[in-house]
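Trainee: Got a minute to go through this one with me? I'd like to take it piece by piece.

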Amino acid sequence: MKKEIIARTIENLSQNGFTVKFFPDSESAKKVILEDIAPDKTVGFGGSMTVENMGIYEALKEKGVRALWHWKADEGENKRDILKLSAAADIYFSSTNAITESGSLVNIDGTGNRLSGLLFGHEKVIIVAGVNKITRSLDEALIRIKNIASPSNAKRLGRKTPCASLGRCMNCDVPDRICKATLIIDRQPGDSPITIYLINEDLGY
Ligand code: SF4
């Protein structure tokens, strides 16, 4: 990703009211993320391969933080209960499916927990994303999600969707469709300040 595109994206995100912290690599980002979260906070998670691969959940648990992630449910734990607790957590963690150069955050969900978590109900929302999520326009963001993120997620989840086998969107109408709701955050919404930890690496999908 070209430096000028990253710089323009950061400037536009900041103008749109988001806080942006930029890091050369995930290791340095993780260090700051862990410093930024007080041990007495509860932290909820939306599904994210970026966050998973960085080991943020495990590092927070080690620090003594009450971390709540339905992906990490132990045997006997109810995922729906964890989703509800995450929705009420002090801090909410997620990545984003795309960031437009003009400074909008674009996400598509099947369940919707991540979309609502990004929008409302937390003292702070933390988005961790690699520069591979930056797109030139909203159209490109939607194309990216439907042809990179959603097919990869559908495959990972074993969904019976055309994209899971073809690797591209066929705008399906099957019960397993994972693209059910789209959220575009153009400006910082009123009550849950969003900080984007943008990392100069390709992370997640
Ligand atoms: S609409 Fe269907 S085919 Fe297209 S990306 Fe979503 S789940 Fe896959």
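Mentor: Happy to. Let's agree on a term before we start: a residue counts as buried under 20% relative accessible area and as exposed over 50%. Also keep in mind that this is a predicted model.

Trainee: Okay, so Phe18: buried or exposed?

Mentor: Phe18 is buried, because its relative accessibility is 3%, under the 20% cut-off.

Trainee: And where does Phe18 lie?

Mentor: In the loop between helix 1 (3-15) and strand 1 (19-23).

Trainee: How far apart are Phe18 and Pro175?

Mentor: They are 36 Å apart in space, C-alpha to C-alpha, with a sequence separation of 157 residues.

Trainee: Switching to the ligand. Where does the ligand sit?

Mentor: In the largest cavity. Its surroundings include Lys146, Ser150, Thr161 and Arg177, along with the cysteines Cys163, Cys169, Cys172 and Cys179. Met170, Asn171 and Ile178 also belong to the residues around the ligand.

Trainee: How does that shell divide into nonpolar, polar and charged?

Mentor: There are 6 nonpolar, 3 polar and 2 charged residues in the shell.

Trainee: With those cysteines about, how many disulfides does the structure hold?

Mentor: The count is 0 disulfides.

Trainee: What about Cys172 and Cys179, buried or exposed?

Mentor: Cys172 has a relative accessible area of 16%, so Cys172 is buried. Cys179 is buried too, at 12% relative accessibility.

Trainee: Now strands. Which strands does strand 2 pair with?

Mentor: Strand 2 (residues 42-45) pairs in the parallel sense with strand 3 (residues 66-68), over 3 bridges. Another 3 bridges join strand 2 to strand 4 (residues 91-94), and those two also run parallel.

Trainee: Which residues are the bridge partners of Val43 and Gly44?

Mentor: Val43 has Ala67 in strand 3 as its partner, while Gly44 is matched with Tyr92 in strand 4.

Trainee: And which residues of strand 2 are on which side?

Mentor: Thr42 and Gly44 are on one side, Val43 and Phe45 on the other, and all four are buried, so both faces are covered. In a regular strand, side chains alternate between the two faces of the sheet.

Trainee: What's the order of the open sheet with 4 strands?

Mentor: The order is 8-5-6-9, with mixed pairing. Strand 8 (134-135) and strand 9 (181-185) are the edge strands, each pairing on one side only.

Trainee: How many bridges join strand 6 to strand 9?

Mentor: 5 bridges, and strand 6 (residues 105-109) runs antiparallel to strand 9. Within that pair, Ile108 stands opposite Thr182 of strand 9.

Note on methods. Residues are numbered from 1 along each chain as its sequence is written. This is a predicted model: local features need pLDDT of at least 70, side-chain atom pairs count only at pLDDT 80 or more; totals for chains, interfaces and linings use all residues. Side-chain values use heavy atoms; hydrogens and water are left out. A disulfide is a pair of cysteine sulfur atoms within 2.5 Å. Buried means under 20% relative accessible area, exposed over 50%, partly exposed in between (1.4 Å probe, protein chains only). A residue is near a molecule or strand if one of its heavy atoms lies within 4 Å of it. On a 1 Å grid over the protein atoms alone, a cavity is a set of points where a 1.4 Å probe fits but cannot get out, and a pocket is an open set with protein on both sides within 12 Å along at least five of seven lines; lining residues have an atom within 4 Å of a point. A molecule sits in a cavity or pocket if more than half of its atoms lie within 2 Å of its grid points. Ala, Val, Leu, Ile, Met, Phe, Trp, Tyr, Cys and Pro count as nonpolar, Asp, Glu, Lys and Arg as charged, and the others, Gly among them, as polar. Two strands pair if DSSP finds at least two bridges between them.
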